[in-house]
Amino acid sequence: MAFFRNVFLLLVLVNAAFLGYDHYKGGDIALTLVDQAKQLDVPTVQHHLQTAWTNIKATTPEKIANQVNVAFDQLKDFNSPSDFVDYLRARASGAISGNAGAIVMEGNVFVLNQGNFDKVIDGSRPALVEFYAPWCGHCKKLAPIYEELGDAFANAQDQVVIAKVDADEHRDLGGRFGVQGFPTLKWFPKGVTSSEGVEDYRGGRDLDSLSKFIQEKTAIRPRIKSTKSDVVVLTSKNFDTVVKDPKQNVLVEFYAPWCGHCKNLAPIYEKVATAFANEPNCKVAKIDADSERDIGSQYDVSGFPTIKFFPAGDEKEAVLYEGPRSESGFIEFLNQKCGTRRVVGGGLDTLAGRIAQLDKLAIEFISTTDKAKRDEIKAAAEAIAKELGTRNAKFYAVFMKKILEHGDAYVKSETARVARIVKSNTVALNKVDDFTIRHNILGAFDKKAKPVKDEL
């Protein structure tokens with residue numbers, strides 16, 4: 001007991017010293033605290049005690065570590081005792097931790113705190129409120145979707161509120177509405193300002209589910225920006241036409257709209273489709289196999305999502321995709337199956353467009369200074385390009401002609417020019433592919449270059 005008594009006395013002395021220093025410097029922290037204490041009543045004290053007990057029970061090592069990190073970040077800004085006293089004055093007056101009551105927006109989402117919560121959630125209009133924590137992984141995943149939700153109802157902010165509150169910082173608010181995990185989404189019907197009448201949102205955490213929920217509650221139509229999709233949408237009417245085309249390699253996702261795993265896969269699948277959008281013989285497609293059940297049954301779909309690859313050729317034997325459901329996993333798989341050279345993000349790798357037998361001629365061409373020999377190599381390159389009949393093959397002979405006209409310095413100057421175009425973000429994606437291939441082929445005009453392997 002003596003130990004705790006000594007600690008208590010030390011804390012009293014430290015607080016007295018700070019309050020004395022503040023008074024000496026002309027501050028009024030003590031008076032502010034007294035005024036706040038006068039405003040307390042029994043229900044308020046009981047509420048604060050209950051919230052404190054709830055927070056204690058919910059304390060985890062992760063939360064403690066987070067609070068310690070926040071404290072250390074704040075200490076970095078304190079260069080003198082005056083800085084610390086200024087901080088305490090701000091806390092006491094409500095200027096910190098959002099107690100000032102100002103209406104704060106992030107995009108079209110209201111940012112709530114202890115000071116402005118009751119001003120925004122005043123019962124005049126319904127509201128959806130997300131109680132989140134900055135360290136929460138699920139909250140971070142929801143953040144961009146919730147931002148889009150705010151945008152979807154931005155035109156109706158006078159009729160419905162889309163809001164969020166950091167319930168890890170503002171724990172009184174979390175305790176007030178029974179928040180026990182993150183993220184927690186709660187619906188406040190019009191006229192409701194207390195915990196009574198508040199509804200827990202238990203639907204999907206995707207934009208479609210959230211916007212439909214609000215629309216059903218308010219009859220307000222969301223304005224969701226349409227986004228271009230490179231995923232081919234299949235139905236019973238076009239499935240055979242697309243999938244059974246002997247010239248096409250097709251990756252098909254059999255999904256269900258209500259499937260959580262399908263929803264999580266959707267943005268990844270979109271990126272994969274975009275990466276292969278410029279590949280003429282490799283398509284990324286999907287079909288709602290919950291609606292088109294006959295097709296799902298035909299291809300032994302027993303769960304969602306099921307992903308199958310249909311290779312080009314007359315024999316369309318479906319191959320079950322069992323690799324990682326990541327952008328890199330899908331891209332690696334399709335590169336192997338389609339003979340492509342795509343990379344994560346949609347670009348081409350450094351060997352895309354190069355041809356083994358023409359690489360050998362390019363290296364031989366740049367390695368000799370004999371004009372007659374170079375003319376002979378150029379003629380051979382033109383013959384191979386004519387035989388192959390591809391645009392990429394023709395680049396080799398074109399570059400040889402340019403080098404003969406402008407000298408070997410052409411390789412360096414043209415490589416630099418093409419590289420600037422690729423990095424400029426000023427040309428269409430199909431043109432970026434074209435210039436990337438030119439850049440790659442110019443790389444073969446180097447004495448130290450090595451030809452690509454024949455399999456690609």
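**Group meeting: two sheets and a pocket**

I'll start with a helix. Helix H11, residues 260-275, lies across three strands: S8 (249-255), S9 (282-288) and S10. Its direction makes about 165 degrees with that of S8. Keep H11 in mind, since it returns with the pocket.

Before going on, note that this is a predicted model. The protein has 456 residues, and 39% of them count as buried. Its secondary structure comes to 18 helices and 11 strands. Among contacts with a separation of 6 or more, 68% are between residues 24 or more positions apart.

Now the sheet that H11 lies across. What is the order of its five strands? Reading across, it goes S7-S9-S8-S10-S11, in an open sheet with mixed pairing. Strand S7, residues 232-234, and strand S11, residues 319-320, stand at the edges; each has a single partner strand, so one side of each is left without a neighbour in the sheet. At the S11 end, strand S10, residues 306-310, is joined to S11 by two bridges, and the two run antiparallel. If you want a place to look, Phe309 stands opposite Val319 in S11.

Just ahead of S10 there are two details of the backbone. For background, most residues other than glycine have a negative phi, and most peptide bonds are trans. The loop between helix H12 (293-298) and S10 contains Pro305, and the peptide bond joining Phe304 to Pro305 is cis, with omega about -10 degrees. Asp300 has its place in the loop between H12 and S10 as well. The phi of Asp300 is positive, near 55 degrees, and this is a residue other than glycine. Is Asp300 buried or exposed? Its relative accessibility is 63%, so Asp300 counts as exposed.

On to the other sheet. This one is open, has six strands in the order S1-S2-S4-S3-S5-S6, and its pairing is mixed. Strand S1 (104-106) and strand S6 (199-200) are at the edges; each has a single partner strand, so one side of each has no neighbour in the sheet. S1 pairs with strand S2, residues 109-112, in the antiparallel sense over three bridges. One of the residues to find there is Met105, whose bridge partner in S2 is Phe110.

Two helices pack on this sheet. Helix H7 touches S2, strand S3 (127-132), strand S4 (161-166) and strand S5 (184-188), and its direction makes about 160 degrees with that of S3. Helix H9 touches S3, S4, S5 and S6, at about 15 degrees to the direction of S5.

Let me stay with S3. How many of its six residues are buried? The count is six of six. In a regular strand the side chains alternate between the two faces of the sheet. In S3, Ala127, Val129 and Phe131 are buried on one side, and Leu128, Glu130 and Tyr132 are buried on the other, so both faces are covered. S3 pairs with S4 in the parallel sense over six bridges, and Val129 stands opposite Ala163 in S4.

This part of the chain has a cis peptide bond too. It joins Phe182 and Pro183, and omega is about -10 degrees. Pro183 sits in the loop between helix H8 (171-176) and S5.

Further along, in the loop between H9 and S7, is Ala219. Ala219 is not a glycine, yet its phi is positive, at about 65 degrees. With a relative accessibility of 69%, Ala219 counts as exposed.

Last, the pocket. Rolling a probe the size of a water molecule over the atoms shows where empty space is left. The largest pocket has a volume of about 1400 Å³. Which of the 35 lining residues are the closest to its centre? They are Asp206, Leu207, Lys263, Ala266 and Pro267. By class, the lining has 15 nonpolar, seven polar and 13 charged residues.

Several elements from earlier come back here. Helix H7 (137-152), helix H9 (207-218), strand S8 and helix H11 each supply at least two residues of the lining. Of these, H7 and H9 pack on the six-stranded sheet, while H11 lies across S8, S9 and S10. That brings us back to the helix from the start.

Conventions
Residues are numbered from 1 along each chain as its sequence is written. This is a predicted model: local features need pLDDT of at least 70, side-chain atom pairs count only at pLDDT 80 or more; totals for chains, interfaces and linings use all residues. Side-chain values use heavy atoms; hydrogens and water are left out. Two strands pair if DSSP finds at least two bridges between them. Helices (H or I, at least four residues) and strands (E, at least two) are DSSP runs, numbered from the N terminus. Contact means heavy atoms within 4.5 Å. Axes are lines fitted to C-alpha atoms, for helices over the stretch in contact, and angles run from 0 to 180 degrees between N-to-C directions. On a 1 Å grid over the protein atoms alone, a cavity is a set of points where a 1.4 Å probe fits but cannot get out, and a pocket is an open set with protein on both sides within 12 Å along at least five of seven lines; lining residues have an atom within 4 Å of a point. Grid points are joined across faces, edges and corners, and a volume is the space filled by probe spheres set on the points. Ala, Val, Leu, Ile, Met, Phe, Trp, Tyr, Cys and Pro count as nonpolar, Asp, Glu, Lys and Arg as charged, and the others, Gly among them, as polar. Buried means under 20% relative accessible area, exposed over 50%, partly exposed in between (1.4 Å probe, protein chains only).
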